[in-house]
Amino acid sequence: MITFIELLVNGISIGAVYALIALGFVIIFKATEVVNFAHASLLLAGGYVVARLHPYVGFWLALLIGIAAAAVVGALVEFLVIRRSKAANHSVLAIVTIGVDIVLTTELTRRIGTEVLAMGDPWESGVVHLGPITIAQTRIAALVVAALLITAFLLAFKFTGWGVAMRATAEDPETAALMGVRLGRVSLSAWAVAGGLAAVAALFLCVFPTPGLDRSSSLAALKAFPAAILGGLDSTTGALVGGLVVGVTEALMTGYQNDLAFLGRGIGDVAPFLVMIVILLLRPAGLFGTKELARV
Amino acid sequence: MSRLITWAAVLVAFVAVPFYLEGFWLQTGLFAMSAAVGAIGINLLTGATGQLSMGHAFFLAVGAYAYVSFSDDLGLPTPIAAVLAVLLAGVAGGLFSPIAGRLRGAYLGIATLALIFGGQHLLFNVEHVTGGFNGRAVPPLEIFGFAFADAPELILMNVPFGALERLWFLGGALLLLAALFARGVLRGRPGRAMNTIRDHEIAAGVMGVPVTRYRAGAFVLSSMYGGLAGVMLALVFQRTVPDYFGILLSLDYLAMIVIGGLGSVGGAVIGAVFVSLLPQLLTRYSDALPLVSAPGSGGVSPAEAARLLYGAAVVGVVLFLPGGLLGLLRSLRLRLPSLPTPLPDTRSSHVS
Amino acid sequence: MSRNRTAALRGAAALLSLALAATACASEKATGGAQPSASAGGDGVKTGPGVTADTITLSLLTDLTGPYASFGKSLTQAQQLYFEQINTAGGICGRKIETIVRDHGYDPQKAMASYTEVSPKTAAIPQFIGSPMVTALKAKITGDKILTIPMAWATGLLGSEAIQVTGTTYDIDMINAVDYLVKEKGIKAGDKIGHLYFEGDYGESALAGSKFASEKLGLELVEQKIKATDQDMTAQVAAFKKAGIKAALVSVGPRQTASLVGVALAGGMDVPFVGSNSAYSPQLLATPAAPALLKDFTYVTAGAPISAPLPAYQKLITDYQAKYAGQTLDSGVAAGWTAAIIVGDALRKACEAKDLSREGIIAAHRGQKAWEAGLGGEPQDFSAFDRPASRASYVVKPDKQAVGGAVILKEAAVSDLAKEYSVPAAG
């Protein structure tokens, strides 16, 4: 039972980090209907800036600059590539982000080279004991930060002008534009926000229990794909739930790997995708996604 | 008439290649041919029908492993094993089509990622079929006693014909057949229906196109092309390795069709050649290139330069060449009417 | 139309036969199938591909942009340093050594392309990174008879006359590791030990060893397999904790090792961890995981760490730092250096036998039953290619002060279990 609770808590906390990444996907998708495969490189960019700057300016300032830098990179991708591409087909836009990702990731990994960069965070390898359960402080911080950020965005979507503009755009871009919503600004801000969120996620992916940022850190972004999809690509709540589902599934399947040996070793990595397929079979638009209705 | 002469020249050049070029070029060419077959397949699906698939590498794996298993485990003659492997890849695509049929756009794209991760899990774990992490040795293809292998020795016009030289012709023939068939599909009724589905699915349905059937059909056909590419790859590699059939391979295929030109056979072939050749050329001639430094000396290494160029090519093509490289060649030909081009004129519409 | 076509076809056929006729005299490939390989040079030394009257060409097939980039960089620099020193000293057999470096980024297709490109002009391959790559090319390398040193220690690489795995294989290391746990860390029959390993030949070769040893010693093995993309080992630690393991073996990458040991210690699982030689890198000592690694982690390796008090290594450290100032001296430097010497020695022996053909190089190499170059460890036996060249492993522990971030804890020794272990036949 203790193991179960420990696995569950860890699953939830890593799930919260996945949720942050997934939230970025969702925001971009809502505003521009682009599936952003360049998310991994935004993550890497944010993490890289934090890791390089913290010895000089201290952790907190480095984190702020990192978030800002990733937001700028996100906005630049939107401004220089997405906005200018004439492709009407959204698959093509998705593929162009693959190109962006290759360029950014190649350059960043070249700069990171062979190092493992510490993030300089204040939590280090501290843990909290709750009875027999131990949780890393970084994970608690991740959970709290993710919860705060996600709540903030849910509220912002409901109550701010920006949120209304975003929702209106997602609903019907043409009508929104006619109503005076500046589509360019909505889409630019969505990419910037997603970049900032990715930087925060990068921080939590590269602190304890992992040793630091290196060239393979961005691979974690792959896990956010099933998270975003199974929750529903256009639902912020979905991103949260999806992230948690992926985190918990992964943790439990790994933790009970020995009892599930018949499924093959290493099932923990595949399980989130299997869960995703099952959910998509039942609900093709994900748990909270809007079902596309067509009126003819 | 002038077109026939062009084609004849292409044929002569193609036949002459293995007599002159060394193994490295033949192998690179064969990888490009296999990639071209695979890219034609995904272009039918993603380019022509508008179904984003990131699972293409899975179907290559099915083709490659099925060929090995059918010929070695079941002892079937290798040509039959190859045909069955392609069919099995089609069946695998068919099995996925209930899912594919329900999902649209991005949902489908990411759902197909499950094929990659699930597929690699199987490749590593079903050891008695896949050989696990070690992979399996690929038996050479043998048609009517003629083996596509280094032995028995064969010398043509004083040139020793090993596995690569022999496979060169097989690869060319398979690519030609695959291209002609796909062109037939695209130019005919099915092609028009597929393009209509891509451009407006509901309208297609209203006009009487059986949307579900066509979407499933495109998935199966594209999987079979993937399977054939997998068989060809296995024959060139002479060994199947599970690491190879990962997400990067799938992304490469998507990049190929975007670079070459969506929705057409010529585009797929050009994109495949570009993506397969670029890193090899850069690595091989890295000494002579400016801005590219020797590996390990700290600057941009050839492999990195290739990645950067490749990523930039995807972005650049989407931004500046909506018709891909094929579209560029076509417009060049329009401006220079006397310039013959060895490309088949597929006349299919592509994404604007 | 049809007449036009026939005419064109006839024209094409004519062109074709013309081209083919031209082939016969113009193509460099038109050798008539005779092997140009073995011929005697002016100095009476038989030469083969990759060897001319004044040069010997060696190829380094490495990974400088993929997951093993840091390892590949150290290996390549160390080997280039060695061959430069040879050249300054006059070369081997009166010939200068030339190296071709090809970076495959851990991609089997690129590795194969690179191999096909360089193999016709290569005498030996002192470095080939990645067991998936070498495994994929095993049959070709064996057929081409190019002496190749894979920079991987999976059991499946044994069994080819041309391929020389240096030192121990991963399974032997793990057997010695279990032996060490039982003899010195108080693990006894009935105890559970964990093994965290990578999917793939590295992890699974290592697992074969730990399975063998724990069966023989009556231990219960708790397996956890992960992928190279997994970064956070919290769930694995929870599973080990649940099983109640008393010690753990680690056959993963340095990142995962750091995560595992760090999480375990933070969660109160203070047990000994013993890694394979690829599980550690000195770069980890600059991360927050350092205290945990210094406390609980050791690893087993056939090659002595570079900090070992051996004159050969002290000279290497000085020379390497002079050439590549400020770069980490990790295990790759020592491994690359060792492999370069093995190839250098094979070439020298082949020269003595006046046969620098590929067959000659391999024969000279395989003639060495107790190879030793002052680099520590037991002498290696190269004469049999279906067995590891050595069965002795050092136990090494991380150390912040030491060059290369590790010092010897226990001298190289062969455990009784490792002696009786018979390597599974290569597939």
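What radius of gyration does chain B have, and what would a compact globule with 352 residues have? A globule of that kind would come out near 20 Å, and chain B has 20 Å, so the two agree. Keep in mind as we go that this is a predicted model.

Let's stay with chain B for a moment. Its C-alpha trace spans about 60 × 55 × 50 Å along the principal axes. The chain holds 14 helices and six strands, and 57% of its 352 residues count as buried. Now look at how the chain folds back on itself: take the contacts between residues at least 6 apart in sequence, and 75% of them join residues at least 24 apart.

One residue of chain B deserves a stop. B:F144 has a positive phi of about 50 degrees, although this residue is not a glycine. You'll find B:F144 in the loop between β2 (142-143) and β3 (146-147) of chain B. B:F144 counts as exposed because just 6 other C-beta atoms lie within 10 Å, and the cut-off for exposed is 12 or fewer.

Chain C has a residue to set beside that one. C:K145 also isn't a glycine, and its phi is positive too, near 60 degrees. C:K145 lies in the loop between α4 (131-144) and β6 (147-151) of chain C. Is C:K145 buried or exposed? With 20 C-beta neighbours inside 10 Å, C:K145 counts as buried; the cut-off for buried is 20 or more.

While we're in chain C, here is what the record says about it. An unreviewed UniProt entry places the feature "domain: Leucine-binding protein" at residues 55-399. In the model, that span of chain C is 44% helix and 18% strand, and its end C-alpha atoms lie 42 Å apart.

Residue 55 is also where strand β3 (residues 55-62) of chain C begins. Six of the eight residues in β3(C) are buried, so the strand is largely enclosed by the rest of the structure. β3(C) pairs with strand β4 (residues 96-103) of chain C in the parallel sense, over eight bridges. To see one of those partnerships, find C:L60: its bridge partner in β4(C) is C:V101.

Next, follow chain C along to helix α8 (residues 254-266). From first C-alpha to last, the 13 residues of α8(C) reach 18 Å, close to the 18 Å expected at 1.5 Å a residue. How many residues of α8(C) are buried? The count is 13 of the 13, so the helix is largely enclosed by the rest of the structure. Just after α8(C) comes C:G268, with a positive phi of about 85 degrees.

Further along sits C:D386, in the loop between α12 (358-366) and β13 (393-398) of chain C. C:D386 has 12 C-beta neighbours inside 10 Å, so it counts as exposed. Set aside its neighbours within four places in sequence, and C:D386 is in contact with C:L158 and C:G159. C:P424 is 38 residues away from C:D386 in sequence, while their C-alpha atoms are 9.4 Å apart in space.

That leaves chain A and its contact with chain C. The contact takes 33 residues from chain A and 38 residues from chain C. On the chain A side, the elements giving two or more residues are α1 (2-32), β2 (133-136), α10 (236-255) and α11 (267-282). The largest share of that side, five residues, comes from α1(A). By residue type, the side of chain A that touches chain C divides into 13 nonpolar, 14 polar and six charged.

UniProt has something to say about chain A as well. Its unreviewed entry places the feature "transmembrane region" at several stretches of chain A, including residues 7-28 and 140-157. Over residues 7-28 of chain A, the model is 100% helix and 0% strand, with 31 Å between the end C-alpha atoms. Residues 140-157 of chain A are likewise 100% helix and 0% strand, and there the end C-alpha atoms lie 26 Å apart.

One last detail in chain A is a peptide bond. The bond joining A:F208 and A:P209 is cis, with omega about 5 degrees. A:P209 is found in the loop between α8 (183-206) and α9 (224-231) of chain A.

Definitions and conventions
Residues are numbered from 1 along each chain as its sequence is written. Chains are lettered from A and ligands numbered from 1 in the order in which they are written. This is a predicted model: local features need pLDDT of at least 70, side-chain atom pairs count only at pLDDT 80 or more; totals for chains, interfaces and linings use all residues. Helices (H or I, at least four residues) and strands (E, at least two) are DSSP runs, numbered from the N terminus. Two residues are in contact if their C-beta atoms, placed from the backbone, lie within 7 Å. UniProt positions are given in the numbering used here, feature names are shortened, and annotations may be inferred rather than shown by experiment. The radius of gyration is taken over C-alpha atoms; the globule rule is 2.2 Å times the number of residues to the power 0.38. The expected span of a helix is 1.5 Å times one less than its number of residues. Ala, Val, Leu, Ile, Met, Phe, Trp, Tyr, Cys and Pro count as nonpolar, Asp, Glu, Lys and Arg as charged, and the others, Gly among them, as polar. Two strands pair if DSSP finds at least two bridges between them.
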